[in-house]
Amino acid sequence: MSERIYMLPFWLRAWHWVNAALILVLIVTGGSLHFAQPDLPLVPFALAARLHDIAGVALAALYGFFVIANIVSGNWWQYVPKPGGFIKRCLVQTRFYCWDIFWGRPHPYPPTLAANFNSLQQIIYWFIMYFFMPILLLTGLMFLVPEWAPQRVLGLDGLLPIAMAHTAVGLIITLFMIGHIYLGTTGLKVTSLFRMMITGWHEH
Amino acid sequence: MRHLVVVFLILLLGTPSALAQTAGAAPTDPALIEKIRKSNAECLGCHTEAALKAPPREGMDLLKLKTLLVDPAAFERSNHAGMECKTCHGQTANEYPHREGLTAQVSPCGECHAQKSMRIEAQYDASIHAKHLKGKFTCQSCHDPHLYKVAAKLGAPSEIVRQDNAMCFDCHESDLKFATFGDALTPPKRRPDLDDIHEWLPNAKLHWGAVRCVECHTPVSPTKTLALSHEIVGKDKAEKNCVACHTRDTALKTRLYRHMVTEEREKLGFANSIILGDSYVIGATRNAYFDQFAVWSVLLTVAGVMGHGALRVFTAGIRRLLRKS
């Protein structure tokens, strides 16, 4: 018989799903713009450009909300890697995903009210939310308002390094998203973690 | 230069037409240069901003003169630099007072540019300008012969864009200038707002600073090596497929960057790297190495999680079997 604890407040779940939807729109439209082909339009170019702009601005606003809500609620602490065996905890968690999971062994560090994330989640989420997301949003805003970008860099259009950074970080977040969605299936049941992100209740 | 001599010979012989197309080269013979300089100085003695401020003669019609000014420095940078004013304006053009109707009696461009004119005429006849303004619209309506320089001589795409778009904006951003043509139509046509009719185009102003209006407002040239068509088309026929330019095989290679395409190299893996000197064009200036890395990393990640998932399902099945047995 599994037990349940209420772990995720409404604001966090709402932010998570809106964030996910916006990032999904940005991945599809961004990919469509970058790999534009006349004979293979994933999303028509002009539409993709508009949607990407709108979703990008919305994501920037949502990120502002995320940072403020994290500070106010104290949730920011969840993302901070805790000392005292952090590396060891990461290695144990990695061994779980690479080996123990196939033998049906339990999660080594199941979520608790005090620590929602295991050490691997902490370090990866921290990098994604506090390192890569600001780069993605800043370079995206420079793309939106090219006057903010440098005019020239090494004799080339100043937008080039901005575009390269934006696309590279976009790729990193795309790869994270694939892994993140997949690891969502590693709960008690395949759907447990998805249900938790909807209801806020964690089964263990 | 040879052509200019031919022009002079023909003019001296009294047959000022049917000239061969000029090569655009300025004269190099010092005596001829001095003769042209002196001749042009007579004209520029009045037809400049400086002369307007300090008229060299009394009783001049300054209001009319204000509409007939030439910037000598800009003229010296133009395609017609080194040519004598009288070549186009007639041998008696520097007689003062000017004869009646002198302004209207400019030699047709085709007299020198015969070959080009023949090709352009058919294109122009199909254009929206010819459709609405046949007879009122001339080469000079767009190309100011005292300023204009062909793209290949301007070189830098930003300069080409600035010059060529200025020709369009001259009328299409000025109610007054547009009305000089629009009022002649039945019914009279008011100038449409450029922002309104380009509402569909993302970052319209960014485009206007980076590419020419004619990139979209002319049909694709049937021959890639030929210059842009003079068949200017209105909004109904204009290119609205963004991917015509925003892709690896970008149309910019046969349009704005046509004269530079021989320099094209895929430097550091960037497609259309020649464009990067001016603009980063989404879809066109992609990096092949990065693209391959991106595609493979996504494919491998998807394959990785699918493999992991399949192994989980498989081992869960084995565990179930073991429990049963």
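1. Over the face of which residue does K82(A) lie, and at what distance from the ring centre? In this predicted model, the residue beneath K82(A) is W77(A), with 4.7 Å to the ring centre. A second arrangement of this kind involves R4(A), which lies over the face of W201(A) at 4.6 Å from the ring centre.

2. Turning to ring pairs, a search of the whole structure finds 22 aromatic pairs over all chains. One of them joins F117(A) to Y125(A) in an edge-to-face geometry, with 4.9 Å centre to centre and 85° between the planes. F117(A) counts as buried because its relative accessibility is 19%, under the 20% limit, and Y125(A), at 14% relative accessibility, counts as buried too.

3. W126(A) and Y130(A) form a tilted pair, because their planes stand at 45° with the ring centres 6.3 Å apart. Both residues belong to helix α4 (residues 119-144) of chain A, where they are four residues apart, about one turn of the helix. W126(A) is partly exposed at 34% relative accessibility, and Y130(A) is partly exposed at 25%.

4. These residues belong to a wider cluster in chain A that is linked by ring pairs and includes F117(A), Y125(A), W126(A) and Y130(A), together with W15(A), Y63(A) and F176(A) among others.

5. As for chain B, the model has 16 helices and zero strands there, and 37% of its 325 residues are buried. Among contacts in chain B with a separation of 6 or more, 52% come from residues 24 or more positions apart. The exposed area of chain B is about 19300 Å², of which carbon and sulfur atoms supply 62%.

Methods. Residues are numbered from 1 along each chain as its sequence is written. Chains are lettered from A and ligands numbered from 1 in the order in which they are written. This is a predicted model: local features need pLDDT of at least 70, side-chain atom pairs count only at pLDDT 80 or more; totals for chains, interfaces and linings use all residues. Side-chain values use heavy atoms; hydrogens and water are left out. Helices (H or I, at least four residues) and strands (E, at least two) are DSSP runs, numbered from the N terminus. Buried means under 20% relative accessible area, exposed over 50%, partly exposed in between (1.4 Å probe, protein chains only). Contact means heavy atoms within 4.5 Å. Accessible areas come from the Shrake-Rupley method with a 1.4 Å probe; for residues, only the protein chains shown count as cover. Rings of Phe, Tyr and Trp (its six-membered ring) pair if their centres lie within 6.5 Å; planes under 30 degrees apart count as stacked, over 60 as edge-to-face and the rest as tilted. A charge sits over a ring if NZ of Lys or CZ of Arg is within 6 Å of the ring centre and within 35 degrees of the ring normal.
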